[in-house]
Every structure is written in structure tokens, then in C-alpha cells.
Amino acid sequence: MASPGPIRLVNLTLGYDRRPAVHHLEGEIAPGAALAVCGPNGAGKSTLLKALAGLLPPLGGRIERGGATAREIAYLPQLVDIDRSFPINVRDFVAMGAMRRVGLFGRLDAGERERAAQAIDRVGLAGMEDRPIDTLSGGQMQRVLFARLIVQDQRVILLDEPFGAIDEATTDDLLGLIAQWRGEGRTIVAVLHELDLARRAFPQTLLLARERIAWGETGATLCADNLARARAMSEAYDRQARECLRDEEAAHAH
Ligand SMILES: Nc1ncnc2c1ncn2[C@@H]1O[C@H](COP(=O)(O)OP(=O)(O)OP(=O)(O)O)[C@@H](O)[C@H]1O
């Protein structure tokens with residue numbers, strides 16, 4: 001892999017319909033870092049990941065991707081956002097990770113097929129290659145999604161709540177894979193709700209509550225003081241948003 005530069009967030013403001021959801025973020029993700037993004041519900045964590053993946057243009061500021069294009073970044077959305085009704089089996093779904101190399105309608109050569117088979121084996125799903133993905137359990141589906149990430153083989157990997165609804169055994173297996181990716185020098189950014197997982201497996205954490213509360217070594221970032229500030233910030237923001245909404249409704253009523 002070519003040696004990449006850091007990912008830089010420069011005065012980054014993100015939002016929807018011109019309404020900011022994340023304000024004036026500044027920070028840097030070093031190549032090979034494993035960064036957890038934590039914070040209350042609605043803090044803007046998924047919004048930040050979408051922007052890093054190039055799926056949401058900034059309202060202000062910018063993201064510098066250290067020489068990589070957004071397409072060279074692998075992104076795993078939340079499981080609930082993935083449409084599983086598409087009729088496709090495990091083998092073909094995992095092989096789709098090779099799309100950037102072979103093109104949308106390109107033929108998979110023996111090397112790519114072997115790569116997909118190895119990835120399925122690595123996540124512990126050997127023997128399930130022919131299963132349609134809509135018949136998988138939540139944990140099995142998460143393993144399939146990680147297998148597709150292996151095939152994608154990108155140096156930056158973004159994970160939105162990868163351990164959301166999965167049991168301890170699956171979590172441990174997937175944490176093992178993340179450790180392997182780190183050993184290979186890849187950069188990992190993961191939205192995590194369980195702070196203990198961040199403390200266990202991610203040396204760096206960004207604590208987000210619409211803005212940066214803290215960003216640094218995980219233990220120090222997730223101290224009681226910072227967590228209380230994040231909660232207060234988030235509650236104040238929600239209160240303010242509700243008041244704005246009331247004002248808008250009142251304006252409409254007249
Ligand atoms: N597609 C959208 N259109 C409009 N507003 C959105 C959209 N997606 C998210 N938002 C708003 O942006 C804000 C941040 O949401 P986001 O999903 O990034 O938070 P989060 O930290 O990931 O939350 P959670 O922990 O609940 O998943 C919220 O107020 C949310 O309602």
C-alpha cells in the first residue's frame with residue numbers, strides 16, 4: 001500500500017437541508033490510527049462518517065483525505081440502513097467488494113473468486129456461500145459485511161456501529177479482524193455506542209456532541225467530566241432545536 005497522509009477535518013460543518021448537525025470540527029486522523037467516535041444519540045456520529053465516506057458534502061470547511069479519493073475509503077453503514085431484500089447469495093455479495101477493481105459488469109477472475117472465498121472463511125462462514133443474504137441472522141450478516149470489507153481491501157475503513165446488535169462471540173471475532181487490519185497499517189474509524197469497546201480496542205477517541213467535546217487518548221477522552229459535558233451539550237442543542245421548531249410553527253400559524 002502507498003503511504004497515505006493523515007485525514008484532516010478543517011473547520012468542518014455538516015448538516016442536512018442547510019441545517020447544521022455537526023459544527024466546526026477540527027482534527028486529524030493519522031494513517032494507521034484506530035479512532036472510535038462516541039457521543040449521545042443525535043450527536044452527529046453517523047453524519048461525520050457519511051461525510052468521511054464522501055456521501056455528504058460539507059456545508060462548510062473541508063475534509064482532506066491525505067491523497068486518497070472518497071472511493072478509496074471503505075464504508076460500512078449501520079445494519080438497519082442496508083437493504084437485504086436484494087436477491088443475492090453470500091458468495092456474490094462478498095465478491096461485490098471487488099467492484100472497484102473489476103467494474104460493475106466485469107467478470108470475476110479466479111483470483112477474485114478465491115479472494116472472496118478466503119474472506120468468507122476468515123469471518124467463519126465457510127459452507128454458507130449459497131445462502132441468500134435475507135436468510136442470515138444479524139450477526140451472520142455483520143460477518144458477511146466484514147468479509148466484503150476484506151475483499152474491498154482499502155486502507156481506510158469506516159464502520160458505523162459495527163457491534164450494534166451482535167453477541168459477544170461475534171464481537172470478539174470481528175474485533176480480531178479489526179486488530180489484523182490495524183497490524184496491516186490500515187486506518188479504522190468506528191462509531192461505537194459501547195464505551196467499553198472503545199476503551200478495549202481503540203487507542204484514540206473523538207467524543208462528539210454536535211461539536212468536538214474531546215479528541216485524544218481514549219481513557220482520558222472518555223472521563224466522567226467529558227461525558228457529562230457531552231450529555232449537557234446534546235440536551236441544550238435538542239432544547240434549542242425544539243424552540244426553533246416552535247417558533248417556526250408559530251410563524252406558520254400567523
Ligand atoms: N437524512 C437526514 N435528514 C435530515 N436530518 C438528518 C438526517 N440524518 C440525520 N439527521 C439529523 O442530524 C443529526 C445527527 O444525526 P446522526 O445520525 O449523525 O447522529 P448519531 O450521533 O449518529 O446518532 P445515533 O447515536 O442516534 O445513531 C440529528 O439531529 C438527526 O436528526
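This section describes the ligand shell, helix H1, one helix pair and two individual residues. The structure is a predicted model, in which local features require pLDDT of at least 70 and side-chain atom pairs count only at pLDDT 80 or more, whereas totals for chains, interfaces and linings use all residues. Residues are numbered from 1 along each chain as its sequence is written. Helices (H or I, at least four residues) and strands (E, at least two) are DSSP runs numbered from the N terminus.

The ligand is surrounded by Tyr16, Ala21, Gly39, Asn41, Gly42, Ala43, Gly44, Lys45, Ser46 and Thr47, a residue being near a molecule if its C-beta atom, placed from the backbone, lies within 6 Å of it. By class, this shell has three nonpolar, six polar and one charged residues; Ala, Val, Leu, Ile, Met, Phe, Trp, Tyr, Cys and Pro count as nonpolar, Asp, Glu, Lys and Arg as charged, and the others, Gly among them, as polar. Helix H1 (residues 45–52) gives the most to the shell, with three residues.

Six of the eight residues of H1 are buried, and the helix is mostly covered. A residue is buried if 20 or more other C-beta atoms lie within 10 Å of its own, exposed if 12 or fewer, and partly exposed in between, with C-beta atoms placed from the backbone. The buried residues of H1 are Lys45, Thr47, Leu48, Leu49, Ala51 and Leu52. Gly54, with a positive phi near 85 degrees, follows H1.

The axes of helix H4 (residues 110–122) and helix H5 (residues 138–152) come within 9 Å and cross at roughly 140 degrees. H4 is therefore oblique to H5: angles under 35 degrees count as roughly parallel, over 145 as roughly antiparallel, 65 to 115 as roughly perpendicular and the rest as oblique. Axes are lines fitted to C-alpha atoms, for helices over the stretch in contact, and angles run from 0 to 180 degrees between N-to-C directions. Arg115, Ala116, Ala119, Ile120 and Arg122 in H4 meet Ala147, Ile150 and Val151 in H5, contact requiring C-beta atoms, placed from the backbone, within 7 Å. Six nonpolar, no polar and two charged residues make up this contact.

Tyr237 lies in helix H9 (residues 224–253) and is classed as partly exposed because it has 19 C-beta neighbours inside 10 Å. Its C-alpha atom is separated by 9.8 Å from that of Ala21, 216 residues apart along the chain; Ala21 is one of the residues around the ligand. Pro87, in the loop between strand E5 (73–76) and helix H2 (90–95), is exposed, with 8 other C-beta atoms within 10 Å.

How values were computed: Two residues are in contact if their C-beta atoms, placed from the backbone, lie within 7 Å.
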